[in-house]
Amino acid sequence: RDTAKRDLHVNVMETADGLAVDVDFDRHLFTPETVGAWMRAYEALLTAVTEHPDRPTGGLPLLARDEAA
């Protein structure tokens, strides 16, 4: 959207297929590429948490495997 009610709003919903994420952001403040990079990092973090639930959060990756290589 060109205008948003907030600077950045991320809504995560549980569905029958897993999690669905809806992102609304102010395009005057953020580019779609920047928000896309944040969402890929968030997905990488959530994946790492589920794969390594006992690992401290500071030791979890913020890059997807293909981006980290």
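Here are legends for four close-up views of this predicted model.

**View 1. The aromatic pair F30 and W38 meets edge-to-face.**
Start with the rings: the count comes to one aromatic pair. Its two members are F30 and W38, with ring centres 5.0 Å apart and 70 degrees between the planes. That angle is over 60 degrees, so the pair goes down as edge-to-face. W38 is partly exposed, with a relative accessible area of 37%.

**View 2. Y42 sits in helix α1.**
Now move to Y42, in the helix that covers residues 32–51. Is Y42 buried or exposed? Neither, really: Y42 counts as partly exposed because its relative accessibility is 31%, and the label "buried" is kept for values under 20%. Have a look at A64 as well: A64 and Y42 are 22 residues apart along the chain, and 9.3 Å separates their C-alpha atoms.

**View 3. L46 is another residue of helix α1.**
Stay on α1 and find L46. Its relative accessibility is 31%, so L46 counts as partly exposed.

**View 4. A nonpolar patch lies on the surface.**
Here some familiar residues come back: W38, Y42 and L46 are among the members of this patch. L8, V10, V12, L19 and V21 belong to it too. Together, the patch residues have about 620 Å² of accessible area. Which elements each supply at least two residues of the patch? Strand β1 (8–15), strand β2 (18–25) and helix α1 do. Why can Y42 be in the patch? Patch members need over 30% relative accessible area, and Y42 has 31%, so it clears that cut-off.

Key. Residues are numbered from 1 along each chain as its sequence is written. This is a predicted model: local features need pLDDT of at least 70, side-chain atom pairs count only at pLDDT 80 or more; totals for chains, interfaces and linings use all residues. Side-chain values use heavy atoms; hydrogens and water are left out. Rings of Phe, Tyr and Trp (its six-membered ring) pair if their centres lie within 6.5 Å; planes under 30 degrees apart count as stacked, over 60 as edge-to-face and the rest as tilted. Buried means under 20% relative accessible area, exposed over 50%, partly exposed in between (1.4 Å probe, protein chains only). Helices (H or I, at least four residues) and strands (E, at least two) are DSSP runs, numbered from the N terminus. Patches are made of residues with over 30% relative accessible area and no salt bridge: like charges are joined within 9 Å, nonpolar side chains (Val, Leu, Ile, Met, Phe, Trp, Tyr) within 5 Å. Accessible areas come from the Shrake-Rupley method with a 1.4 Å probe; for residues, only the protein chains shown count as cover. A salt bridge is a side-chain nitrogen of Lys or Arg within 4 Å of a carboxyl oxygen of Asp or Glu.
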